[in-house]
Amino acid sequence: MSILQDLIPFPNGTITEHSGIRLSLSRIHSVSGVPAVAERLCRRLDRFGLAPVPVADGGTIELHTGRAEAGWLLVIDADKVRIDGASEADCAYAAEALVQLTALAARSGLPGDALPGGSIADQPRHAWRGFMIDSSRHFQRVDQLKQLIEALSALRFNVLHWHLTDHQSWRLADAVGDASLAEPNALEPGQYTRADIAEVVGFARMHHLEIVPEIDLPGHNAALCQAHSELACDPANPGGEVCLGKAEVRRFVGDLLREIMALFPDSRYIHIGGDEAESTHWEQCADCRAALAAAGLNSMRELENRFMREMAQIVTDAGRTPIVWATDGTFPSSVAIQCWYHLTDILKARRRGNRYINSVHSSTYLDYPACPEDPHADWMQQLSEEGVYLNRPALFAGDDAEQLLMGVEYCLWTEIIPAWRIFPKLFPRLWAAAEVAWGSNDQANYAGLVRRRRQLELAGYDF
């Protein structure tokens, strides 16, 4: 079997082998076209004993964008490699596929090492290939986030969902000009300045990942309510939910969302949370009860949904798309739903005409233990590499329903995962997640994934 069959993610398209044609690795001296991709490809290939340099044109490896068909095409001939991508991102995906092939071809380290002749045409099934990192519980430094971005990019993820606020901390150092929003309950200290955010955004852009910032509302806000007790129902006992009846809460949150959109100018999507809010404070709050009566609603959950719809409209009015975690609340079709709790969340989103992301926890929460020995909370179920791989994001989706499916997103909540344990926690399961997100696990099988993963690991391929 040719190493053209050993890529992760496995191609969705066609693989053609050209028998008798080989390209000696010793002949790869230069890379031309698409400068940003060429420079990174040169750095990646250097690990395997090659020393190509970027050139203006005529490289041994030629990179081209503007391919008429979606996705990318990689062709290996006897004297060169040609990559054609529909976009720069597609070109980068093909370039990383070439890095994997080079690692496999160079594993003996002998002068005769060569790439097999052939071609690979590929494109993703799922447009949204996401990963969520929780920075609110345990903190990750900018350099640690960059390391994560590089790994995600190499495995063709294209969305980084950045969970920035929660009960434990408020990681934005100076959002809405407020330095008092520190981390009163944080598991460890740390905040991101405007310069930090700009650096992460720029690095993600360079690696073809779009960042989706999340500010969790109206619950998961003990840190906010402790710093700004006037936003809570009872300032003397602020709890973890903002008040649904105070006008100043809406003003604060509106200003905050506009600030977030300014901090993340490339982000087409803004996540505003929306799940797991306790209603006890609202039930006991005169302001909330007055708001409920004035709106003619019957329950605090209805008032909560009204609040979230108003906050979503602020995002929509700014030309962005709001995302919320799935709840029993209803939202207009302009709001995307992240389905996390149960498969029935997907059915509800489809029935209501909302686009949705499949993040059903039993298949996508990578903070769950990969094996019994993996440190975990008592309530967590096990999620093995095989369990990740057997997920089908398009479950229930026919031709019409799949138009509403944005894709899949994997989540890493960090209550018990400090930054130094992120990579041991993610791997090897992230290999399986990448193939599911790309959509090619329908064409392959778990045993094949393990074989391909072990081949790449033993060849020295990493991120």
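Buried means under 20% relative accessible area, exposed means over 50%, and partly exposed is whatever falls in between, using a 1.4 Å probe and protein chains only. Keep that handy for the tour.

You're looking at a predicted model, where local features need pLDDT of at least 70 and side-chain atom pairs count only at pLDDT 80 or more, while totals for chains, interfaces and linings use all residues. Residues are numbered from 1 along each chain as its sequence is written, and side-chain values use heavy atoms, with hydrogens and water left out.

**Stop 1: salt bridges**

Start with the charged side chains. A salt bridge here is a side-chain nitrogen of Lys or Arg within 4 Å of a carboxyl oxygen of Asp or Glu. Searching the whole structure turns up 28 salt bridges.

Select E310 and R306. Their closest N and O atoms are 4.0 Å apart, and the pair forms a salt bridge. Both sit in helix α9 (residues 300-317), 4 residues apart, which is about one turn of the helix. Helices are DSSP runs (H or I, at least four residues), strands likewise (E, at least two), and numbering goes from the N terminus. Is E310 buried or partly exposed? E310 counts as partly exposed, at 27% relative accessibility. R306 is partly exposed too, with a relative accessible area of 37%.

Now jump to E199 and K146, a salt bridge whose closest N and O atoms are 2.6 Å apart. E199 belongs to helix α4 (residues 194-206) and K146 to helix α3 (residues 142-154), so this pair ties together parts 53 residues apart in sequence. E199 is partly exposed, at 36% relative accessible area, and K146 is partly exposed at 21%.

For a network, select E62, K80, R82 and D84 together: salt bridges link these four.

Next, pick E96 and R44. Here the salt bridge has its closest N and O atoms 2.5 Å apart. The pair links distant parts of the chain, with E96 in helix α2 (residues 88-105) and R44 in helix α1 (residues 35-46), 52 residues apart. Are E96 and R44 buried or exposed? Both are buried.

**Stop 2: α1 against α2**

Stay put and show the two helices as cartoons. Their axes come within 10 Å and cross at roughly 15°; an axis is a line fitted to C-alpha atoms, for helices over the stretch in contact, and angles run from 0 to 180 degrees between N-to-C directions. α1 and α2 are therefore roughly parallel to each other, a label for angles under 35 degrees (over 145 is roughly antiparallel, 65 to 115 roughly perpendicular, the rest oblique). α1 passes α2 in a right-handed crossing, meaning the near helix is turned clockwise from the far one by less than a right angle (anticlockwise would be left-handed).

Which residues of α1 meet α2? On the α1 side, select A36, V37, R40, L41, R44 and L45; their partners in α2 are E88, C91, A92, A95, E96, L98, V99 and T102. By class, this contact has 9 nonpolar, 1 polar and 4 charged residues. Nonpolar covers Ala, Val, Leu, Ile, Met, Phe, Trp, Tyr, Cys and Pro, charged covers Asp, Glu, Lys and Arg, and the others, Gly among them, are polar. Contact means heavy atoms within 4.5 Å.

**Stop 3: L101**

Slide along to L101, also in helix α2. L101 is buried, with 0% relative accessible area. Leaving aside neighbours within four places in sequence, L101 is in contact with I3, L4, L7, L74, I76, L115 and I120. To get a sense of scale, draw a distance from L101 to S169: their C-alpha atoms are separated by 43 Å, with the two positions 68 residues apart along the chain counted as the sequence separation.

**Stop 4: backbone oddities**

Most residues other than glycine have a negative phi, and most peptide bonds are trans. Now for some exceptions.

Select L217 and P218: a cis peptide bond joins them, with omega about -15°. P218 is in the loop between β10 (210-217) and α5 (222-227). That loop between β10 and α5 also holds H220, which has a positive phi of about 55° although it is not a glycine. H220 is buried, at 8% relative accessible area.

E276 is another non-glycine with a positive phi, about 55°. Look for E276 in the loop between β11 (269-273) and α7 (280-283), where it counts as partly exposed at 49% relative accessibility.

Finish at F427 and P428, whose peptide bond is cis with omega near 10°. P428 is in the loop between α13 (422-426) and α14 (429-438).
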